[in-house]
Amino acid sequence: MNEFFSNVGTVLADTVTTVENNPVLNISIFVVFVGITLFIVIRASRNSRSAADFYAGGRSFSGTQNGFAISGDYLSAASFLGIVGAIAINGYDGFLYSIGFLVAWLVALLLVAELMRNTGKFTMADVLSFRLKQRPVRMAAAITTLAVTLFYLLAQMAGAGGLVSLLLGIDDRLGQSIVVAVVGVLMIVYVLIGGMKGTTWVQIIKAWLLIGAAFAMTIWVLVLNGFNLSAVLDRAIEASSNGAAILAPGLQYGTNPLDFLSLGMALVLGTAGLPHVLMRFYTVPTAKEARKSVVWAIWLIGAFYVFTLVLGYGAAALVGPETIAAAPGKVNSAAPLLALELGGPILLGVVSAIAFATILAVVAGLAITAAASFAHDIYGNVIKRGKAAPEDEVRVGKVTVVVLGIVAIAGGIGVQGQNIAFLVALAFAVAASANLPTILYSLYWKGFTTRGAVWSMYGGLISALVLITFSHVVSGSETSLLGAGVDFAWFPLSNPGIISIPLGFFLGWLGSVTSRQREDPRLAAEMEVRALTGHGAEPPVHH
């Protein structure tokens, strides 16, 4: 048995070559998945007529359905491909992503989710501008939403390129770039045809498939090791050049504890500021269903992150970190390679197609969030001053999706080969810096003013972007976007959260206490009543 494990790397390298020669099976599975989801989107689009249908699925989903959709939206390619790869290579430090994402979900749930749902209509800016000046706050909220969405989209696109290049054995950059372009085009089609209704159904199906596949692979890994997690960890230690260090903290973040703290802050606080996750709460009809959807989402998301522990160490044990690092898609290919080792080319095809469906579902959710933000907030409320016809808003939203798709394709081609869990952590940092302070102040502080909101959002966003630009994420190291040849990095940390998040909170406070203008106390009282009771947030009942 030990001899088998020591030869796994060689065997896998040979098997990957045979899979490269068998792309027909993989493309067939892949086309079936895309075909089924497109059929569902087209069916769902038949009832998508009004702005509420396009942005919020007509508020027609039950708590259970929305719970699956939330987990479908939240469990992105970073959760599956990025975290499993991070655990396979960095062990304990990789699993911290799982812990961070899960704890973050609890923060979003306890502090923000239901209050946001009760107060808003379609977008995050509805809540932030409720009792403040509409135009400057909506403009700032829309810009931060678009920034977070774009970062998140880049991560998903990078995952798609790496995944399908592994599936089809495409090593060259041009082939991977074509794959990224196909994902972008499919995203545009999904959202233009199906709106939020179609997108939600894709997310529900994808959540079933992803959690089901992760569960099956977890059981499979445990069966191979006599249902003994210690045996899996022992094999992972044997296969890793770092030995027992993969079970202890410090392999990835040991050199700079501040970097680790910064990442932790971004992960834990970022979720409550993610516009595409918060927007999911607008698709249910009542506050009671919103709470029910949260309970379902917690169980589904929590179970999935437990599976990633077994899958990550299982990939280290059965595949080997060196083989993973050398594969097309690098660290993001750990989960597909584990599937290949467990169930051969068929399981590889199925798992890769599920991961691809994951990317498509999340990307579609992001696109519709960006569309709603630009069309409803910037066009409808800033340019047209609240007098835009709903059908005009929807039309502008659809144009936004096309433009965003083109930008995401170009960006996705640029970030190929980056770890997507890491790219998503940057999106979380921007969300926690630019959105979270304003959301919490709006919901909980009566003294919050328009100036505080605008300073907080722009200050948090600009500081996060500047620090990322001048860190080793962009230049100065082998893994940088621009490579080691270009070096203008002076910020020592790879995640800006430890500075930009407190700065966002500080600017929100400073702007409010230095502002002479007091906000309308009647609107503040109305917002408090709506946030706590849901009164006024429920759609009218038609008899």
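**Helix packing, aromatic pairs and selected residues in a predicted model**

At a relative accessibility of 54%, F227 counts as exposed, because the exposed class begins over 50%. This residue lies in the loop between α10 and α11, and, although F227 is not a glycine, its phi is positive, at about 55 degrees. The model in which these values were computed is a predicted one.

Taken as a whole, the protein chain contains 22 helices and zero strands. Of its 543 residues, 60% count as buried, while the chain exposes about 19,900 Å², of which carbon and sulfur atoms supply 68%. When contacts between residues at least 6 apart in sequence are considered, 83% of them join residues that are at least 24 apart.

One of the helix contacts in this chain is that of helix α3, which spans residues 23-45, with α10. The two helices pack at an angle of about 115 degrees, and their axes are 8 Å apart; the crossing of α3 and α10 is right-handed. On the side of α3, the contact is made by F33, V34, T37, L38, I40, V41, I42, A44 and S45. On the side of α10, the contributing residues are L186, V189, Y190, I193, G194, K197, G198, W201, V202, I205 and L209. In terms of residue class, the contact of α3 with α10 divides into 15 nonpolar residues, four polar ones and one that is charged.

Within this contact, G198 can be described in further detail. G198 is placed in helix α10, and it counts as buried because its relative accessible area, 0%, falls under the limit of 20%. Leaving aside neighbours within four places in sequence, G198 is in contact with V41 and A44, both of which are listed among the residues that α3 brings to the contact with α10. The C-alpha atom of G198 is also separated by 9.4 Å from that of A364, a residue 166 places away along the chain.

A181 is likewise found in helix α10. With a relative accessible area of 25%, A181 is partly exposed, since this value lies between the limits of 20% and 50%. The C-alpha atoms of A181 and G405 are separated by 8.8 Å, although the two residues are 224 residues apart along the chain.

Aromatic rings provide a further view of how parts of the chain are brought together. A pair of aromatic rings is described by the distance of the centres and the angle of the planes. The structure holds 19 aromatic pairs, and one of them is formed by F68 and W208, whose ring centres are 4.9 Å apart and whose planes differ by 5 degrees, an arrangement that is stacked. This pair links distant parts of the chain, as F68 is in helix α5 (residues 63-74) and W208 is in helix α10 (residues 173-224), with their positions 140 residues apart in sequence. F68 is buried, with a relative accessible area of 9%, whereas W208, at 56% relative accessibility, counts as exposed.

A second example, the pair of F470 and W490, is also stacked, with 5.5 Å from centre to centre and 25 degrees between the planes. Both F470 and W490 are in the loop between α20 (450-469) and α21 (497-513), where they stand 20 residues apart. F470 counts as partly exposed at 29% relative accessibility, and W490 counts as exposed at 53%. Elsewhere, ring pairs link F80, Y97, F101, Y152, F304, Y305 and F428 into a cluster.

Two serines complete the description. S262 is found in helix α12, which covers residues 257-270, and it counts as buried because its relative accessibility is 0%. Not counting residues up to four places away in sequence, S262 touches L493, N495, P496, G497 and I498. S240, by comparison, is placed in the loop between α11 (229-239) and α12. At 8% relative accessibility, S240 also counts as buried, and, with residues up to four places away in sequence again left out, S240 touches I246 and P321.

How values were computed. Residues numbered from 1 in each chain as written. Predicted model: local features only at pLDDT ≥ 70, side-chain atom pairs only at ≥ 80, totals over all residues. Heavy atoms only, no water. Helix = DSSP H or I, 4+ residues; strand = E, 2+ residues; numbered from the N terminus. Buried < 20%, exposed > 50% of the residue type's maximum accessible area, 1.4 Å probe, protein only. Contact = heavy atoms within 4.5 Å. Areas by Shrake-Rupley, 256 points an atom, 1.4 Å probe, with all protein chains shown as cover. Phe/Tyr/Trp six-rings, centres within 6.5 Å; stacked < 30°, edge-to-face > 60°. Axes fitted to C-alpha atoms, helices over the stretch in contact; angles between N-to-C directions. Left-handed = near helix turned anticlockwise from the far one by under 90°. Nonpolar A, V, L, I, M, F, W, Y, C, P; charged D, E, K, R; others polar.
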